[in-house]
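Trainee: I'm new to this structure and would like a close look at a single part of it. Could you pick one of the sheets, walk me through how it is put together, and then show me how the rest fits around it?

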Amino acid sequence: MQENVSLRHFNTFGLESRAQFFEEAESTAALADIIKNPLWKEIPKFILGGGSNILFTQDIDALVIKIAIKGIELIKEDQDFVWLHAGAGEKWHDFVMYCVEHGYAGVENLSLIPGTIGAAPMQNIGAYGVEIKDVVETVEAISMETAEMKTFSKEECLFGYRESIFKHALKGKLVITGVVFRLNKKPVYHVEYGDIQKTLAEMNVETPSIKAISEAVIRIRESKLPDPAEIGNAGSFFKNPEIPIEQFDKLRLDFPTVPGYPTITGFVKVPAGWLIEQAGWKGYREGDIGVHARQALVLVNYGGGSGAQIKALSEKIQKSVKEKYGIDLSAEVNFV
Ligand code: EPU
């Protein structure tokens, strides 16, 4: 166990925060040993995945455990599908690349999403018409209290838009150690999203393939979203709000160009990026923090910004969006 460790390189915002204690768990067995240690019950703990959806606003006076359980294995296959097991500490994008290279379809639209396998089910990561709930078979986790292993079926995960049981009822109770995915050997492509069609056309792709879609998604993301290795960020900072149809119709009277996408639950999803841009925030900069110039939904740290400053900016944005449109924005990133 290390003491007083900087977490700057363990969060994609690049924010300084110090862990009182720090330990990496490279296997489920090692994690079980840590949990069974009598000292475990005495100290507060904090589980860290890829750090790509976290805003550190203070030091962490706890034992920070970095999940570093690796490995991708084929565990079963039939004519139509393969089942792959991936360790929670694998990088999400490395797993996507493994699938693309082997011709396994289902996650190509989720190329280049930062973070780890273990963090992906927490918020049911999604992009360009696909969410991981579409390909998850089971999620494996260990109890932080008893070190017992539990396997969750996809239904038990209660996946929703950027939601799961792990963020709510089971928050702080479990550590995800691995995920089993079911991928298609006979691809079903999701190219409905306008940006994907446009980019495939630019690439002169007439018949989509797993690789071409992955490349298109990478191009789109690289053109809009800042690379955390260059500019600190955590992807979308807010969720896209879902409002009742009547509220959307009223909003459209005042703002005729507001985009909206009906959801299956009878609401309308409004792009938060549009609301924030139209409220004048796109490209806004305040010292070392700001709103990304190419995607208003992304808050950025140019280097020396603090979590508290980013939090304050996010509150100003929420207030201005509320005043202008009467809509509450809720954060997608987790504040710590
Ligand atoms: N828009 C603007 N201005 C902006 C940004 C967006 O007007 O600065 C409007 C445009 O109308 C655009 C629409 O918003 O057509 C949608 O924008 P975009 O395609 O960039 O997607 P998003 O709704 O902003 C969501 C996810 C992203 C995901 C993309 C693609 C959420 C909170 N975010 O963003 O996920 O990559 O769709 O599917 O749902 C993430 O969660 O970290 C993330 C990056």
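Mentor: Sure, let's start with the open sheet of 3 strands, which come in the order S14-S16-S15 with antiparallel pairing. Strand S14, residues 242-244, and strand S15, residues 261-262, are the edge strands, and each of them pairs on one side only. Keep in mind that this is a predicted model. Now zoom in on S14 and strand S16, which covers residues 267-269: the two run antiparallel and are joined by 3 bridges. If you want a spot to click on, take glutamate 242, whose bridge partner in S16 is lysine 269. As background, strands of a sheet pair through backbone hydrogen bonds, either parallel or antiparallel.

There's a helix to add here too. Helix H5, made of residues 245-254, lies across S14 and S16, and it runs at about 90° to S14.

Now move along the chain to helix H6, residues 272-278, and you reach the ligand. H6, strand S8 (126-127) and helix H4 (210-224) each supply at least two residues of the shell around the ligand. H6 gives the largest share of that shell, with 3 residues. There are 24 residues around the ligand, and the ones that come nearest are Tyr128, Tyr161, Tyr193, Glu277 and Gln295. Sorted by class, the shell has 11 nonpolar, 6 polar and 7 charged residues.

Two of those tyrosines are worth a look up close. Tyrosine 193 has a polar side-chain atom 2.4 Å from an oxygen atom of the ligand, and tyrosine 161 has one that lies 2.7 Å from a ligand oxygen atom. With alanine 296 it's the backbone that does the reaching: an N or O atom there lies 2.8 Å from an oxygen atom of the ligand. Taken alone, the ligand exposes 820 Å², and the protein buries 82% of that.

To finish, set your sheet beside another one. This open sheet has 4 strands in the order S1-S2-S5-S3, and its pairing is mixed. Strand S1 (2-6) and strand S3 (45-48) stand at its edges with a single partner strand each, so one side of each is left without a neighbour in the sheet. From one strand to the next, the twist averages 45°. S3 pairs with strand S5, residues 60-67, in the parallel sense over 4 bridges, and you can find lysine 45 standing opposite leucine 63 in S5. A helix lies across this sheet's strands as well: helix H1, residues 28-36, lies across strand S2 (18-25) and S5, running at about 155° to S5.

Notes: Residues numbered from 1 in each chain as written. Predicted model: local features only at pLDDT ≥ 70, side-chain atom pairs only at ≥ 80, totals over all residues. Heavy atoms only, no water. Pairing = 2+ DSSP bridges. Axes fitted to C-alpha atoms, helices over the stretch in contact; angles between N-to-C directions. Contact = heavy atoms within 4.5 Å. Near = heavy atom within 4 Å. Polar contact = N/O pair within 3.5 Å; in protein donor to acceptor, adjacent residues only side chain to side chain. Areas by Shrake-Rupley, 256 points an atom, 1.4 Å probe, with all protein chains shown as cover. Nonpolar A, V, L, I, M, F, W, Y, C, P; charged D, E, K, R; others polar.
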